[in-house]
Amino acid sequence: MNIDALKLYQSAGSPNSRRVRIFLAEKGLSIPLVPVDLGKGEQHSAAYVAINPRRVVPTLVLEDGTAIGEVPAICRYIEEIFPQTPLFGQSAKDKALVTMWERRAELEGFSAVMEAVRNAASGLKGRAIAGPYDYEQIPALAERSKLRVKNFFTDLETRLRAAPFVAGDHYSIADITALVTVDFAVKALNLPLTQEHDAVRRWHDVVSKRPSAAA
């Protein structure tokens, strides 16, 4: 596999793009990045829609032109092609646990932050759900989503009191999703970790010091 033949269409300010960049950095991989300016609406351009009809980032384009969207799918492909430094676990049990915790972090944490942002940001009026279709904002969803994020922090605290990393004893893609979720919530929703989140703050300090966190 010629890694230089791959292209990752992404945006510097996109939390989903950051998840993939961290994943690549943890594996020591450098894939050519193609910037997509979301502020200018480049995701809606004919050129990009031809690559990803859902009009979202990131998208991994292979040497044969195949386009892979969705963060878990992109990371799974990279894991299969470049198995060094496994981030999805090694044994069958570990892989299952990593997948379970990563899915929980994405559905209960990351998606809740995204829902709150998209239903409240003035610049996203009529675009409450990312993708090819327009949806009006529902302010009540933004408020409910903030509660969901707070509950996610509570559940993450319970988990990290029992294990050093989200999926267990080793850093994994579950930690990447959880880290980006926490940072996203702090920046976009002004929902910082509090004193009652001692274990999460300890974990966050550890994973934020990894060089990959700056990707």
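In what order do the 4 strands of the open sheet line up? They run β2-β1-β3-β4, with mixed pairing. Keep in mind that this is a predicted model; the close-ups below start with the sheet and then move on to the helix packed on it and the pockets.

**View 1. The open sheet and its edges.** The sheet is built from 4 strands in the order β2-β1-β3-β4. Strands pair through backbone hydrogen bonds, either parallel or antiparallel. β2 (33-35) and β4 (67-69) are the edge strands, each with a single partner, so one side of each has no neighbour in the sheet. On average, neighbouring strands are turned by 25° against each other, ignoring direction.

**View 2. Zooming in on β1 and β2.** Strand β1 covers residues 7-10 and runs parallel to β2, with 3 bridges joining the two. To find your way around this pair, look for Tyr9, which sits opposite Val34 in β2.

**View 3. Helix α3 on the sheet.** Here α3 packs on the sheet, where it touches β3 (59-61) and β4. The direction of α3 makes about 125° with that of β4. Which residues of α3 are buried? They are Val71, Ile74, Cys75, Tyr77, Ile78 and Glu79. An α-helix has 3.6 residues a turn, so residues three or four places apart point the same way. The buried residues of α3 pack against two strands, β3 and β4, and also against the helices α1 and α6.

**View 4. The largest pocket.** This pocket holds about 1,300 Å³ of space. Its lining takes in 45 residues, and those nearest the centre are Pro15, Asn16, Phe110, Met114 and Arg118. Several helices give two or more residues to the lining: α1 (15-27), α3 (71-81), α4 (92-118), α5 (139-160) and α6 (173-189). Which of the elements gives the most? That's α4, with 8 residues. As for chemistry, the lining of the largest pocket splits into 22 nonpolar, 9 polar and 14 charged residues.

**View 5. The second largest pocket.** Now for the runner-up, with a volume of about 240 Å³. How many residues line the second largest pocket? There are 13, and Gly89, Gln90, Asp94, Val98 and His170 lie nearest the centre. Sorted by class, this lining has 6 nonpolar, 5 polar and 2 charged residues.

Technical notes. Residues numbered from 1 in each chain as written. Predicted model: local features only at pLDDT ≥ 70, side-chain atom pairs only at ≥ 80, totals over all residues. Heavy atoms only, no water. 1 Å grid on protein atoms, 1.4 Å probe; cavity = no way out; pocket = protein on both sides within 12 Å on 5 of 7 lines; lining within 4 Å. Points joined across faces, edges and corners; volume = space filled by probe spheres on them. Nonpolar A, V, L, I, M, F, W, Y, C, P; charged D, E, K, R; others polar. Pairing = 2+ DSSP bridges. Axes fitted to C-alpha atoms, helices over the stretch in contact; angles between N-to-C directions. Contact = heavy atoms within 4.5 Å. Buried < 20%, exposed > 50% of the residue type's maximum accessible area, 1.4 Å probe, protein only.
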